[in-house]
Amino acid sequence: KRHAELGKQLQFLNEQNLKISEEATNLTKALKGNSKMQGNWGEMVLERVLERSGLQKDTEYFVQQNFTTTTGKRLMPDVIIKMPAKKVMIIDAKVSLNAYERYVNEENPEEKASHLKNHLFAIKKHVEELSKKNYHQLYDTESPDFVLLFIPIESAFAVASNQHPQLYNDAFEKNIIIVTPTTLLAVLKTIDSMWQNEKQKQNAINIAQQAGSLYDSFTNLTNELLKIGKQLGTVQNTYDTAMKKLTGRGNLIKRVQE
């Protein structure tokens with residue numbers, strides 16, 4: 001019996017080991033030339049950053065919505081962030097990291113330099129392609145005039161910037177802002193803070209409206225009480241009307257509590 005139980009445990013461990021190996025192989029493929037898998041991995045990292053930002057999915061940010069331009073071309077931004085005052089921000093996570101992977105794993109100095117050059121070229125090329133898409137024009141005046149280009153590995157952007165210090169500014173001039181997980185999280189946290197302020201503002205407006213309505217009701221109640229003083233002969237009816245406003249349906253006491 002113990003041998004049988006041990007056999008089951010060993011089988012389970014073997015299955016888990018195979019699963020881990022398969023996942024490691026898949027991740028390796030994702031970072032080595034399989035553009036589709038690489039894109040999916042980048043989007044997964046982006047999703048994790050979004051989840052940590054405090055923003056709510058399908059309310060304050062939306063993933064892969066389809067758009068058709070005036071020329072009939074279909075566009076699918078990776079993420080659309082909604083901001084207060086009907087503003088939106090677009091995030092793209094499709095930059096290729098194939099050359100970066102080769103650069104990291106290459107030991108030959110000459111080949112390493114060549115891969116770094118190709119990595120820098122890949123980012124520049126993607127910036128150029130992204131600027132031509134004019135994502136920001138999908139929303140006309142409701143959108144900021146820039147798009148966030150997300151690079152899921154901090155060092156991938158760092159080595160490219162070291163190679164070409166003007167990389168960030170060159171992209172910025174094309175209305176593209178390059179972000180990594182750390183800098184993107186800072187941006188998203190700022191947007192989340194803007195939403196919190198907007199919600200507080202809306203609550204304050206609602207409170208002001210309720211207070212105005214309450215003031216009107218108290219004014220009406222005061223008028224009823226003045227009638228009591230003038231109509232002692234029919235005081236019971238007037239008294240009942242006033243008390244209904246204080247304790248009946250939608251009464252003032254309950255509204256003051258709210």
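Thr 180 counts as buried, because its relative accessibility is 4%. That is a value from a predicted model, as is everything else here. Thr 180 sits in the loop between β7 (176–179) and α7 (181–230). Which residue does its side chain reach through a polar contact? The partner is Glu 154, and the contact between the two side chains is 2.6 Å. If you skip the neighbours within four places in sequence, Thr 180 is in contact with Phe 150, Ile 151, Glu 154 and Phe 157.

Some of those names come back when you look at the elements around this loop. Strand β6 covers residues 147–150, and Phe 150 has Val 179 of β7 as its bridge partner. β6 and β7 run parallel, with four bridges between them. Glu 154 falls in helix α5, residues 154–163, and Phe 157 is among the buried residues of α5.

**The sheet**

Now for β7 and its companions. Five strands make up an open sheet, ordered β1-β4-β5-β6-β7, with mixed pairing. β1 and β7 are the edge strands, each pairing on one side only. On average, neighbouring strands in this sheet are turned by 25 degrees against each other, direction ignored.

Is β7 covered on one face or on both? Both: Ile 176 and Ile 178 are buried on one side, and Ile 177 and Val 179 are buried on the other. As for helices, α4 lies across β5 (87–92), β6 and β7, and runs at about 140 degrees to β7.

Further along the sheet, Ile 80 belongs to strand β4 (residues 79–83). Ile 80 counts as buried because its relative accessibility is 1%. The C-alpha atoms of Ile 80 and Gln 64 are 7.7 Å apart, with their positions 16 residues apart along the chain.

**Where α4 meets α5**

α4 (residues 109–133) doesn't just lie across strands; it also packs against α5 (residues 154–163). How are the two helices set against each other? Their axes are 10 Å apart and make an angle of about 100 degrees, so α4 and α5 are roughly perpendicular to each other. On the α4 side of the meeting you'll find Leu 116, His 119, Leu 120 and Ile 123, and on the α5 side Ala 156, Val 159, Ala 160 and Gln 163.

The buried residues of α5 are Ala 156, Phe 157, Val 159, Ala 160 and Ser 161. Which elements cover them? The cover includes α3 (98–105), α4, α6 and β7.

Val 95 is worth a look in this part of the chain too. Val 95 lies in the loop between β5 and α3, and it counts as buried because its relative accessibility is 5%. Val 95 and Leu 130 are 35 residues apart in sequence, and their C-alpha atoms are 9.8 Å apart in space.

**Two positive phi values**

Most residues other than glycine have a negative phi. Asp 58 has a positive phi instead, near 65 degrees, and Asn 175 likewise has a positive phi near 65 degrees. Asp 58 lies in the loop between α2 (35–53) and β1 (61–63). Asn 175 is in the loop between α6 (167–173) and β7. Are these two exposed, partly exposed or buried? Asp 58 counts as exposed, because its relative accessibility is 53% and the cut-off is over 50%. Asn 175 is partly exposed, with a relative accessible area of 29%.

Here are the loop and strand residues discussed above, side by side:

| Residue | Relative accessibility | Class |
|---|---|---|
| Asp 58 | 53% | exposed |
| Ile 80 | 1% | buried |
| Val 95 | 5% | buried |
| Asn 175 | 29% | partly exposed |
| Thr 180 | 4% | buried |

**The whole chain**

Stepping back, the protein has nine helices and seven strands. Of its 258 residues, 34% count as buried. The accessible surface comes to about 16,700 Å², and 53% of that belongs to carbon and sulfur atoms. How many of the contacts between residues at least 6 apart in sequence join residues at least 24 apart? The share is 60%.

Note on methods. Residues numbered from 1 in each chain as written. Predicted model: local features only at pLDDT ≥ 70, side-chain atom pairs only at ≥ 80, totals over all residues. Heavy atoms only, no water. Buried < 20%, exposed > 50% of the residue type's maximum accessible area, 1.4 Å probe, protein only. Contact = heavy atoms within 4.5 Å. Areas by Shrake-Rupley, 256 points an atom, 1.4 Å probe, with all protein chains shown as cover. Polar contact = N/O pair within 3.5 Å; in protein donor to acceptor, adjacent residues only side chain to side chain. Pairing = 2+ DSSP bridges. Axes fitted to C-alpha atoms, helices over the stretch in contact; angles between N-to-C directions. Parallel < 35°, antiparallel > 145°, perpendicular 65-115°, else oblique.
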